[in-house]
Amino acid sequence: MARGRTVGPHGPVHPTGGIPLTLQSHDTPARTDIRTDTVNPLRRLTLDDLRRRTSMKWRAHPDDVLPLWVAEMDAPLAEPVARALTRAVAEGDTGYPVDGAEYADALAAFAERRWNWRVETEHTALVPDVMLGVVEMLGLVTDPGDAVIVNPPVYPPFYAFVEHAGRRIVEAPLGAEHRLDFSALEDAYARAVAEGRPAVHLLCNPHNPTGTVHTRAELERVAELAREHGIRVVSDEIHAPLVLPGAVHVPYLSVRGSDDAFALLSASKAWNLAGCKAALAVAGPESAADLARMPEEVGHGASHLGVIAHVAALRYGDDWLDALLAGVDENRRLLVELLDRHLPDVHHRTPQGTYLAWLDCRALGLGDDPAAVFLERGRVALNSGLDFGTGGAGYVRLNLATSPEILTEAVRRMATVL
Ligand SMILES: Cc1ncc(COP(=O)(O)O)c(C=O)c1O
């Protein structure tokens, strides 16, 4: 994995930083990046800083609740991103995005540096965000009533968006150690195409909520089975930059047999840009003609500020990302210690990627929805496992992208409900 610029001295850091407005272009890096972007971003904001936020994570619950649920991060923006956005606002550069070309170039360079994967930029298209991009891909290769295979427990909007698009969910649950279960997958594939209709496998790569990072061998097996059944794969790779030390992200489109697939990529999860809408659809060589049928207008749903932010993140956000990954790595180890100490009956597999932890609370005797109990009695907001499909009952999802202090206090509060 390539690393970014040389590391300079760590000066005193203010959470939001003094953001200069006198640069050459939106995303030109400056010396201040070197000072701040190598410091663990998860240790830079206080609870008071965070409570001033107006986004979903911080506003959905009363102030006495610690929120470790929705996938937003308790970190300041990477300096190059903050600077690019600040400059655009200062200059009133808030119009329409011209197209996704700059975003595709920035993604291609990032993918080459980090994953040794060559993105064919001419086979990409700007989409408003990852989930709307998924829906567009479904529209290109399936009709209402056709099947979409998912691997529960999985990101709840996979169900909501697929059903809203009039497609039918077919589940192929994950198997042992939260890995793809190929006999369940084969069975689901066979059911999905039983009536001779097209179908899509909506793959979560890496997997939310378990943090499973699929291996090349596993993805090749997916490609082989999908081909055998005539199923098209749509790979959601929004968590790809968040693969942690010890694992390696394998882009689905880089595996043998994946030429007729699609992938969705975005800087939004790794740089905390969910409020800055923009994502890219990428087609394999055999699906490029399908992607070309998508109306160009779909890209108008991306915001210009989103494109500016994502380009800056992918071009100049490596140092910040590496510091973040080190912070998440630290927190995933801290969580093991905290659970050992306070909640030894909660089981989990340490995530290989993402900043999410999937906790098996079935031994606690809190019923199918322990998140409801942790919220009501412990004043900690987690995601209920019930929303993640088959296999979610008795589980909760915890967001590790916070400070070690908040994580420690959250687990301590969870233990008080017992
Ligand atoms: C697997 C997965 N896909 C998509 C999204 C949402 O992405 P977007 O906001 O770009 O639609 C998330 C958000 O957490 C996610 O975890």
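Which ligand atom lies 2.8 Å from an N or O atom in the side chain of His239? In this predicted model, the atom at that distance from the His239 side chain is an oxygen of the ligand.

**Ligand surroundings**

Taken alone, the ligand exposes 390 Å², of which the protein buries 92%. The residues around the ligand are Ala71, Asp129, Val130, Met131, Tyr155, Cys204, Asn208, Asp236, Ile238, His239 and Lys269. Sorted by class, this shell comprises 6 nonpolar, 2 polar and 3 charged residues. Besides the His239 side chain, backbone atoms of Val130 and Met131 approach ligand oxygen atoms at the distances tabulated here.

| Residue | Protein atom | Ligand atom | Distance |
|---|---|---|---|
| Val130 | backbone N or O | oxygen | 2.8 Å |
| Met131 | polar backbone atom | oxygen | 3.0 Å |
| His239 | side-chain N or O | oxygen | 2.8 Å |

**The sheet**

An open sheet of 7 strands follows the order S2-S8-S7-S6-S5-S3-S4, with mixed pairing. Strand S2 (124-127) and strand S4 (168-171) form its edges; each has a single partner strand, so one side of each is left without a neighbour in the sheet. On average, neighbouring strands are turned by 25 degrees against each other, direction ignored.

At the S2 edge, the partner is strand S8 (residues 279-283), which runs antiparallel to S2 and is joined to it by 4 bridges. Within this pairing, Val127 has Ala279 of S8 as its bridge partner. Elsewhere, helix H8 (residues 182-192) lies across strand S3 (147-150), S4 and strand S5 (199-204), and runs at about 155 degrees to S4.

**Loops with unusual backbone geometry**

Most residues other than glycine have a negative phi, and most peptide bonds are trans. Three sites in the model depart from these patterns, as described below.

Pro152 and Pro153 are joined by a cis peptide bond with omega of about 0 degrees. Pro153 belongs to the loop between S3 and helix H7 (157-164). Another cis peptide bond links Asn208 to Pro209, with omega of about 20 degrees. Pro209 is placed in the loop between S5 and helix H9 (216-229), while Asn208 is also one of the residues around the ligand.

The remaining site concerns phi: Glu177, although not a glycine, has a positive value of about 55 degrees. Glu177 is located in the loop between S4 and H8, and H8 is the helix that lies across S3, S4 and S5.

Terms used. Residues numbered from 1 in each chain as written. Predicted model: local features only at pLDDT ≥ 70, side-chain atom pairs only at ≥ 80, totals over all residues. Heavy atoms only, no water. Pairing = 2+ DSSP bridges. Helix = DSSP H or I, 4+ residues; strand = E, 2+ residues; numbered from the N terminus. Axes fitted to C-alpha atoms, helices over the stretch in contact; angles between N-to-C directions. Contact = heavy atoms within 4.5 Å. Near = heavy atom within 4 Å. Polar contact = N/O pair within 3.5 Å; in protein donor to acceptor, adjacent residues only side chain to side chain. Areas by Shrake-Rupley, 256 points an atom, 1.4 Å probe, with all protein chains shown as cover. Nonpolar A, V, L, I, M, F, W, Y, C, P; charged D, E, K, R; others polar.
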